[in-house]
Amino acid sequence: MRHRLLVPGAAALSLMLAIPASAASPADVHGTPGAPGVGDSYYPDSGNGGYHVSHYDLRLKYQPKTDLLEGTATLLARTTQDLSRFNLDFGLKVSEIRVNGKKATFATSGKHELEVTPAAPLAKGKDISVVVRYAGKPSELKIDGFTAWARTPDGGVVAQEPDSAVWWFPSNDHPTDKATFDISVAVPDGTQALSNGVLASQSSKLGWTRYNWRSDKPQATYLTTLAIGKFDITTDTTADGLPVINAVSPDLGANLGSARASIERTTEVTEWLEGVFGPYPFNSVGGYVPNVPAHYALETQTRPFYGKQAFDKGTNVSVVVHELAHQWYGDSVSLKDWKDIWLNEGFASYSQWLWSEKEGEGTAQQLADYVYAQHPADDAFWTVKPGDPGADKQFDSAVYDRGALALQALRNKLGDKVFFDILKSWPTEHRYGNAAVGDFVKFAERKSGQPLAGFFDTWLYQPTKPAAGAGARAFAAQGLVAQPKSWKQIAATHDVHDGH
């Protein structure tokens, strides 16, 4: 899913290295500054060059009454070039940075670039540690007039796409640099702190409770979330023993029942999705609904975020299916470039069609027929190219609907056996990695033994309506298709994904 289209800044994050005795001495290393961005097609300044982060350790303290966040972030990274300086993406005020234990100098530039100059240049191919001490009020940090940090009556929440980390921890903020996370948060007694993964421990002292969360599989920075407030929390396990942690704010008003009824289906949906996409890839699953007046949802890893208004029209299990499908398509296998968004949204949307088929509320073919018939050839819907929609159309409804339609056309072309083998084997063979749309095309060709480049070009890249028979089975003609029973709930999910 998605939310707001932000132009992420640039810089990256953890860095550089401890040099063993056999390595070059600092005097032998000169280096050049790391790039202030990774060169993403849509957000060229997003992320940073010169290093890769393997782990984030965030030790935080948050006071809901004042919105003051204090933090010490330790980043473990490895250099990919000789570095004289490197960037982190971060917006709050920094008081001190140490690289490999030694104080570094730093400066800010751009919208949220933190430029770090270590005491001595860093050699290529070395492990380093970067410690950043900082404090600030995240809701007051505005980038392009926007903050990703939402204050609630009893705390704060951060969950945004494509950028959110800059408001609360320094990072290399691009999906191609995934890392593991330990997130420790101290909050006043009686307040809770939720994050990704599993709650490793919890302790109380002098009026503060500390929650220690651990996410032990590679995780993109934008999929890292934090929610502080008061929640009703339920726990469960799947049939395979996977921990399920769901949390709902008790003050959602009229939406409380529908929100709870929706996310309490998480266990059931996860078990069903394992049958479609293969083994669940992470150490826990769940979801949370804070008292945030937002209509969007986001596939934050292991614990999707659902805005309160996502349930304005009542219970919506379909949106839960969508966000949980992202755990495979988008979270475990992440995009290489933001133009590859179809690999996230097309598949998550198609999972809703499969859920509808399973629930007897309209088959995927009936939904495809309906979508195809609703949009005449001159509809702007067909001008959006799911394979590369452009930054301004990245979360357009066509990326979701036309993206799912392309998958049904592929299913028709290949047959169920080959198609569902592809759906399951892709996230298994690419687990914890990154991929481009072109990688999926080649994968589908290898699995099916058929040339598919022309097929995908028609469905993903041409700004025109594909012929009805572009798949093996012709789609129904315009105006001849009844609305499937599931469509209203799926359309409500579209509203959740609209309005960036």
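The questions and answers below deal with charged and polar residues in a predicted model. Local features need pLDDT of at least 70 and side-chain atom pairs count only at pLDDT 80 or more, while totals for chains, interfaces and linings use all residues. Residues are numbered from 1 along each chain as its sequence is written, and side-chain values use heavy atoms, with hydrogens and water left out.

Q: What makes D67 and R151 a salt bridge?
A: The term asks for a side-chain nitrogen of Lys or Arg within 4 Å of a carboxyl oxygen of Asp or Glu, and the closest N and O atoms of D67 and R151 are 3.9 Å apart, so the pair meets the rule. D67 lies in the loop between β2 (51-63) and β3 (68-79) and R151 in strand β10 (residues 149-152), so the pair ties together parts that are 84 residues apart in sequence. By this rule the model has 18 salt bridges.

Q: Why is D67 called buried, and why is R151 called partly exposed?
A: Buried means under 20% relative accessible area, exposed means over 50%, and partly exposed is in between (1.4 Å probe, protein chains only). D67 has a relative accessible area of 1% and is therefore buried, whereas R151, at 39%, counts as partly exposed.

Q: How do you know that K447 forms a salt bridge with E429, and where do the two residues lie?
A: The closest N and O atoms of K447 and E429 are 3.1 Å apart, which satisfies the cut-off for a salt bridge. The pair links distant parts of the chain, with K447 in helix α8 (residues 437-448) and E429 in helix α7 (residues 416-429), 18 residues apart. K447, with a relative accessible area of 27%, is partly exposed, and E429 counts as partly exposed at 42%.

Q: What makes K358 and E359 a salt bridge?
A: Their closest N and O atoms are 2.8 Å apart, so this pair also falls within the limit. K358 is partly exposed with a relative accessible area of 40%, and E359 is partly exposed with 34%.

Q: Why is R210 described as having no salt bridge?
A: The nearest side chain of opposite charge, D57, is 8.4 Å away from R210, which is buried. Side chains of opposite charge can pair when their charged atoms come close. R210, placed in strand β15, does have a polar atom of its side chain 3.4 Å from the backbone oxygen of L60.

Q: What makes the link between E345 and H322 a polar contact?
A: A polar contact is a pair of N or O atoms within 3.5 Å, where within protein one must be able to donate a hydrogen and the other to accept it, and residues adjacent in sequence count only if both atoms are side-chain atoms. The side chains of E345 and H322 are joined at 3.0 Å, so the distance passes. E345 sits in helix α4 (residues 342-359) and is buried, with a relative accessible area of 0%.

Q: Why is T209 called buried?
A: T209, in strand β15 (residues 208-219), has 7% relative accessibility and therefore counts as buried.

Methods. Helix = DSSP H or I, 4+ residues; strand = E, 2+ residues; numbered from the N terminus. Lys, Arg positive; Asp, Glu negative; His and termini not counted.
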